[in-house]
Each structure stands twice: as structure tokens, then as C-alpha cells.
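Let's sit down with this one and learn to read it feature by feature. Ask as we go.

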Amino acid sequence: MSDAANSAPVVRLDNLRRSFTQGGVTIDVLRGVNLEIRPGEIVALLGPSGSGKSTMLQAVGLLEGGFEGLIEIAGINASALSGDARTTLRRDHLGFVYQFHHLLPDFNATENVVLPQMVAGRTAADAKARAEELLAALGLGHRLDHRPNQLSGGEQQRVAVARALANRPALVLADEPTGNLDEATADRVLEEFLKLVRGEGSAALIATHNERLALRMDRVVRLHEGVLV
Ligand SMILES: Nc1ncnc2c1ncn2[C@@H]1O[C@H](COP(=O)(O)OP(=O)(O)OP(=O)(O)O)[C@@H](O)[C@H]1O
């Protein structure tokens, strides 16, 4: 067995449930999701539109309340934590990539990757060196001073990838990370994303509609009628 298989999971979900009530109608979106992700493991989360992929990522990302069941991140029971402690747990262990990059428009590529590191307490010099290393690894060494609106869609997503990995998260959560790119660009960006995640030794949970891209990951799980199959 590999080292990864012997070590504690970076995330463990046990009987995760979430319902939404809207206009008197309740829908049970997650009906008892169980999942464990090992350190360094890259997992694709598939499921049709509306099956609850984003809802599940919000739970694991500790971004929303209203869930029942266990959410454990790096061995810590997140369900039992206060808001501040959840924020710290998120900052120390998780990185996020969304379909749309959510970069800060007034900051250049380097600064967008530096900022989360400064929030985590790293010195400006260390943060800058780390940002430049990640951006160079993603082929953006010549775009460090460009602001988001001076970058192509693929370049913007690469900056978002660098930002997500900046604090060396144990787990990267990605929601359709290449969903707004054309097929060829999506393929290239995903390839670089996976390579970097593997190189960094992070685990990842990546929601996608794309079966072909999912096959490039270590494991595929599917949301069907509120549970993972
Ligand atoms: N805040 C909310 N209030 C009410 N219903 C919600 C809320 N958030 C999500 N839902 C419902 O939960 C279901 C799952 O939504 P979710 O966004 O998780 O699906 P998804 O699998 O990510 O879909 P897509 O692939 O289209 O992004 C949908 O039917 C949606 O309408």
C-alpha cells in the first residue's frame, strides 16, 4: 500500500445531508453523502446539472451552514467549530478554484497570488517569491504584472489556480474550473492544474460535467439522487 493510503484522510464526509425549502417545497439535495479523500488524491465529482455538486463543494469548503452530518477536514470535525475557527481551518487547509476566476480586478497577477499568503501571515518577500514560482510553473512568467482584464480567459484561470495553491493547501476544491474556456484551452489548463496539484502533493476534489476530463483524475465519484455512487 502507498504512503497516501496509510495516512489520515484530508476530508471525511459521513452522512452529509442538505435540504432547501423554497416556496413551501423542500428538496433533499444531499441525502447522506459519504466520502474520504486521501492526501494527494485527485477526485472528480460528476453529476448532472442540479445534482448538488456545488452544494457539496460548499459544504466541504466550509462556506455555508445548514448541513447535517460529519464534515472532517484534516482530522478536525468542522461541524463543531465556531465561525472564526472554521475560517482558520479553511485558510490553513483549503484552496478554491471557481468557474469564473474571481480575481481582484485592480491587482496584477502576482499581487492576486500574494494577497492570500499575506493574510496567512507570510512575509511580502516570501509571498512574492512563491507567487512568481507558481505563475512561472503555469507558463505565466511573462504576465506577472498584468491585471485580470489584460489576460486571456485561460491565463486568468491559471492565475486563479496559482492563488488556490499559494498557501500549500492539503485540499483544493474546484467547481467547473475550466467550464468557461473553449475545449482546447480547458484541456491545457486542466492538464497544468493537475500537474501542479500532483507536484505540490495536494489532494483535490474537482466538480465537472466533463466525463473525458474526469478520466484524467485518480478517482471518479458521481452524485446520483443525493448520494455518491
Ligand atoms: N440556496 C439555495 N436555495 C434553494 N435551492 C437551492 C439553493 N442552492 C442550491 N439549490 C438547489 O439545489 C440543487 C443542487 O444545486 P447545485 O448548484 O448544488 O447543483 P450542481 O450539481 O452544482 O449543478 P450545476 O452542474 O448546474 O452547477 C438545485 O436543484 C438547486 O436549485
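**Reading the ligand shell and the strands**

Q: Where do I start with the ligand: how do the residues of the shell around it divide into nonpolar, polar and charged?
A: The shell around the ligand has three nonpolar residues, eight polar ones and one charged one. Keep in mind that this is a predicted model.

Q: Which residues surround the ligand?
A: Here you just read off the list: F20, Q22, I27, V29, G47, S49, G50, S51, G52, K53, S54 and T55. Then ask which elements they sit on: β1, β2 and α2 (53-60) each give two or more residues to the shell. The largest share is from α2, with three residues.

Q: How do I read a sheet, say the open one with four strands?
A: Go through the strand order, then the direction of pairing. In this open sheet the order is β2-β1-β4-β5, and the pairing is antiparallel. Next, look for the edges: β2 (25-37) and β5 (76-77) pair on one side only.

Q: What joins β1 and β4?
A: Count the bridges. Strand β1 (residues 11-22) and strand β4 (residues 68-73) are paired antiparallel over five bridges. To find your place in the viewer, pick V11 and look across to I73 in β4, its bridge partner.

Q: Is strand β3 buried or exposed?
A: A residue counts as buried when 20 or more other C-beta atoms lie within 10 Å of its own. In β3 (residues 42-46), five of the five residues pass that test, so the strand is largely enclosed by the rest of the structure. Check each face too: I42, A44 and L46 are buried on one side, and V43 and L45 are buried on the other.

Q: Which strands does β3 pair with, and are they parallel or antiparallel?
A: Take them in turn. Strand β8 (residues 203-207) runs parallel to β3, with four bridges between them, and A44 stands opposite I206 in β8. Strand β9 (residues 219-224) also pairs with β3 in the parallel sense, over four bridges. There, V43 has R219 as its bridge partner.

Q: What about the chain overall: what radius of gyration does it have?
A: The trick is to compare it with a reference. A compact globule of 229 residues would have a radius of gyration near 17 Å, and this chain has 17 Å, so the two agree. The C-alpha trace spans about 50 × 45 × 35 Å along its principal axes, and 38% of the 229 residues are buried.

Q: How many helices and strands are there?
A: The chain has eight helices and 10 strands.

Key:
Residues are numbered from 1 along each chain as its sequence is written. This is a predicted model: local features need pLDDT of at least 70, side-chain atom pairs count only at pLDDT 80 or more; totals for chains, interfaces and linings use all residues. Two strands pair if DSSP finds at least two bridges between them. The radius of gyration is taken over C-alpha atoms; the globule rule is 2.2 Å times the number of residues to the power 0.38. A residue is buried if 20 or more other C-beta atoms lie within 10 Å of its own, exposed if 12 or fewer, and partly exposed in between; C-beta atoms are placed from the backbone. A residue is near a molecule or strand if its C-beta atom, placed from the backbone, lies within 6 Å of it. Ala, Val, Leu, Ile, Met, Phe, Trp, Tyr, Cys and Pro count as nonpolar, Asp, Glu, Lys and Arg as charged, and the others, Gly among them, as polar.
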